[in-house]
Each structure stands twice: as C-alpha cells, then as structure tokens.
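Reader: I am new to this structure and would be grateful for a close look at a single part of it. Please treat the unusual backbone geometry in the loops, and then place it in its wider setting.

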Amino acid sequence: MSRTLTRHVVGRAADLPPGGRKLVKAGGREIGVFNVHGAYYALANICPHGGGSLCEGFITGLSVAPRPGQYDLIRAGEFLRCPLHGWEFEIATGQSYCDPKNTRLRTFHAAVEHGADLVKGPYVAESFEVRVEEDYIVLEA
Amino acid sequence: MNAPLPSVTGAQKIGIVDCDIHPVQRSAADLYPYMSQRWREHSEMFGPHIRQGLTGMQVYPRMMAAGQRADAYPAGGGPPGSDLDMMRAQHLDAVGVEWGMLVALSKGGMEERNPDYATVLSHAVNEWQRHDWVAKEPRLLAGVVVPQEDADFCVQEIQLRAQDKAFKQVIISPRSAEPLGRRRYWPIYAAAQECGLPIGLHPAAFSGGAPSTSAGWPTYYMQEHYGFCTGMQGNIVSMIFEGVFERFPRLKIALIESGFTWMPAMAWRMDAAFERMRKEVPHLKRRPSDTIREHFWFATQPLEEPENPAHLPEIIDWIGWDRLLFSTDYPHWDYDDPRHCIRFRMTEAQRAMLFRDNARTLYGLP
C-alpha cells in the first residue's frame, strides 16, 4: 500500500466524551471515531466479516466465564458489536473477538492535537472552526 | 495487519432472487382491515398472537434486538421489516433484488392454538401481503401462509390464492403438531400439487408441541438456532418414508433457513437403511436420495462459514448446483449479504443458478 495518508480534523475533542463516537467521511470512506476511556481510536465502518455498518453497532464489553455458571462482563465500553451479525471487535485494535486469527478490522490512527498545531500543518481543516484554545481530533485516513 | 473483506472479488453483479424476506406488521392493527369486527375485538382483548402473559418475550430471547438486525429499525417507528421504503433502500435496491419471496412469519396462524383464530389470521395475513406489499412493490411475491393443523381450511385458502399471481408458494410450519409426513397433512400437499405451488418450510419460533431439539428443550438460543437443521431433518425423513412423494409425484419442497450441508450425509444414511429394510416401507419405489434430488430445494441462508471456504462448493457438488436458492433472511440478525457472503469460487453458470435461475425455475418466475 503506497497511498499517502491525509490528516482530517473530525471535530472538537470536547464533543466526543469518553464512551462517545462519531461517524465521519475521510479519504473516501466512512470511518467511526471512538473515545474509549479518554483514548481515541478510529475504525473503518465496514465489518470484515459480512460488510455491515460496524461503527453504528452497540458498544459493549467482553462476556467471560471462567467456568460454567460464573459470568462476568469485563472491559465494558472497549468492544463494538456489529449491528448485522453481532461480531465483536476490540475498538483499540480492530481485533475481532469471535475469530481473532482471521478477522481483523482496518484501523486508522486517531489522536488529539492542539489547535495551535493544526493551523501550521497541511491538514484538511477548512470545514471546521479552528479555535486555538480548543483541542481538536485529527484523523489520518 | 489490515485484512480487506475476503469476498470482495466475488461481489455479484446479476439481479438476484431472494427466497427469504420477512415482512412484518407495524402492529396487529395492520391486519384489522382484513378481519371481521368480531376477531378485531378478540385480538384486542386476548392478544394478537401467541400469548405469553407478562413477558412480552419469545421462549428463547434472541440475538440482538429480538432476532433482528440492529440497524434495521425504521426511523419512523415499528419493527424491522415493517417499512417498505426502508426495505427498498437497505435491501432490495442496495443488493440488487430482482424478485423477493415473502415469508410472513408470526401472525399467519401457523402457530396459533385457537383453530378458528388461526384461520382468520391466515386469511388476513395473505390479504395483507397482497395489498400492503406485493401491490406496492412489484419485486415482491407472496407465499400463502396457512395453519397446517387445519388441513380443510388450508385447502380452501390455497385454492382461493391459486389463480392470484401474487402467490408463488404455500408456507406451513415445520414445527407442526406431528411430523410433516403424517397423513393429516396430505390434503395440503394435494392442493399444493394441484395448484402447482411449491411448499416452503421455514422454521417458526413456536412449537406445535414437540421440543425444538430431539434431545429435548434447549437451554440457549444458540441451541435453538442449530435446531433449525435437525428439526427440518426429522420432517424430511418423515415425508420421504411415509410416502408423501410416492403419492404426490409433482410436489416440490423448498427448505428455507435450515441449512443444506448436512443433506448428503443424511441421504447416504437413509439410502443404506432403505436398501436393507425396505420391506417395512414397501410403498417406497425409489432410494431416498433420488427423491431428495427430485423434490427438494435448499435456501442458502445462513450459509455455513467453514474455515476453508472451498469445502462448501464440494458439498454443493453432492447436492446439485441446481438445487440451491439464494436467500438473505432480511431483516433478521443472521442476514446474508449477497455482496459478501460467498467466499468460494463459482463459475458464471453456477453463480447464475445459485443467485437467480434455480428460484426462477422453481417458482415459475419470468
């Protein structure tokens, strides 16, 4: 893959609190940006299993059972369940939970950068109101 | 690191016949125009369908939003499958459906214990399919839903619909009170054969009395879901050995949402028993596998996903490429998207048969 990545400002960090998500179009594709416990991640909005709109799915955790009859939900908010067939993916890595060997999502790098930095760089920020004192989310896609 | 969809190279471009689409009423009131005042009141007072007091839930809580695609809820309210515009946008237009075969589950009377109410629901659901779906969307075609425990009524309703081009098959429940080969159901087969309509069997949510697995009542929905296969097997074995196809040599059966990969092994086993013990069933003139080959068709969804996708076409070779009917199960949670679900290579001829032509032949579609 030799395609160059473009940096896209997708919104203000304050508008995407922990647990939040935002669906954006960047680089010709739909991408979901997530805030998981304060860290930002972005995933392609197409499920590698069956093509569903993955990023519109339910945000959940891992259901675990060390033995039959003993159940727990751990890492709440860190997984995403596809609205089509219910496959679950770790938001941070795009790693599928059901079939970790064979199904991995395309992940994109998302990070928070200061508004002051934004105006200096070659990113696509025209459609956003850039305010220096605010933090913006930048997506590379 | 980044894995693209493994099936994108196989994206299909031909128009498809989807043999399993579920239309749903927004509420029971959608059927009221097709029911008498007496039965509307009954529905209001006692409930519109199978009743489980105080629960509002099916016997087995289903995967994701009561068994539906979580992204299929219409913005304007109502359950998935109740909004024709959404069905067009999300499914018919999006994946290129040329013909869509409606399978109206739930309130069609197949599972209703009150026998009189069952006939009213059956008639109403068939009217509702004609007026609220087929008349509005010419790509959709209906199945005559009938309550299989009342064969006399079934015959009447099948004959009523036989000349109506909106109806292309007869739908009964494979979770019937007795195995479907029993003679109480034969008048239905006689009427279907006479009218040239195939019988469509689609697993239903409620039982006519038998547990959903031959081992007994399951614990989890996953077990119930797997039971679609084994429940259908029991009915096929019953229909074959009880002589349904000897008596009705032009009867055609479409097995919908029950799998097909198990069929070769089951046919071998039945053939072996037949060759050794045919004296018990002297009415059978042919090997069971020959009967299956001639009388049965298999809808694909939910398509098995073996680790090596190439195993599927090997199995289809055993069954026959002319026997498969493509289906999606829209809007249910285990929907198969025709653009993504086929992960093995096919010839163009096989692709045309699987996605379109077999169903055209079976249902007599233009």
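Author: In this predicted model, B:P302 belongs to the loop that runs between strand 7 (296-299) and helix 11 (311-319) of chain B. The peptide bond joining B:Q301 to B:P302 is cis, with omega about -10°. A cis bond also leads from B:Y330 to B:P331, where omega is near 5°. B:P331 is situated in the loop between strand 8 (324-325) and helix 12 (348-363) of chain B.

The loop between strand 8 and helix 12 of chain B also holds B:D329. Although B:D329 is not a glycine, its phi is positive, at about 75°. B:D329 counts as buried because 24 other C-beta atoms lie within 10 Å, and the cut-off for buried is 20 or more.

Chain A offers a further case of positive phi: A:H37, not a glycine, has a value of about 50°. This residue lies in the loop between strand 3 (29-36) and strand 4 (39-44) of chain A. A:H37 has 11 other C-beta atoms within 10 Å and is therefore exposed, the limit being 12 or fewer.

As for the wider setting, the largest nonpolar core has 115 residues, and those with the most contacts inside it include A:I31, A:V33 and B:L325. Helix 4 (residues 115-134) of chain B gives this core its largest share, eight residues. Beyond its neighbours within four places in sequence, A:I31 is in contact with several residues, among them A:A42, A:L43, A:A44, A:F108 and A:L139. Between the chains, 15 residues of chain B are in contact with 14 residues of chain A. The side of chain B that touches chain A comprises eight nonpolar, two polar and five charged residues.

Key: Residues are numbered from 1 along each chain as its sequence is written. Chains are lettered from A and ligands numbered from 1 in the order in which they are written. This is a predicted model: local features need pLDDT of at least 70, side-chain atom pairs count only at pLDDT 80 or more; totals for chains, interfaces and linings use all residues. Two residues are in contact if their C-beta atoms, placed from the backbone, lie within 7 Å. Ala, Val, Leu, Ile, Met, Phe, Trp, Tyr, Cys and Pro count as nonpolar, Asp, Glu, Lys and Arg as charged, and the others, Gly among them, as polar. A nonpolar core is a set of buried Ala, Val, Leu, Ile, Met, Phe, Trp, Tyr and Cys residues joined through C-beta atoms within 7 Å. Helices (H or I, at least four residues) and strands (E, at least two) are DSSP runs, numbered from the N terminus.
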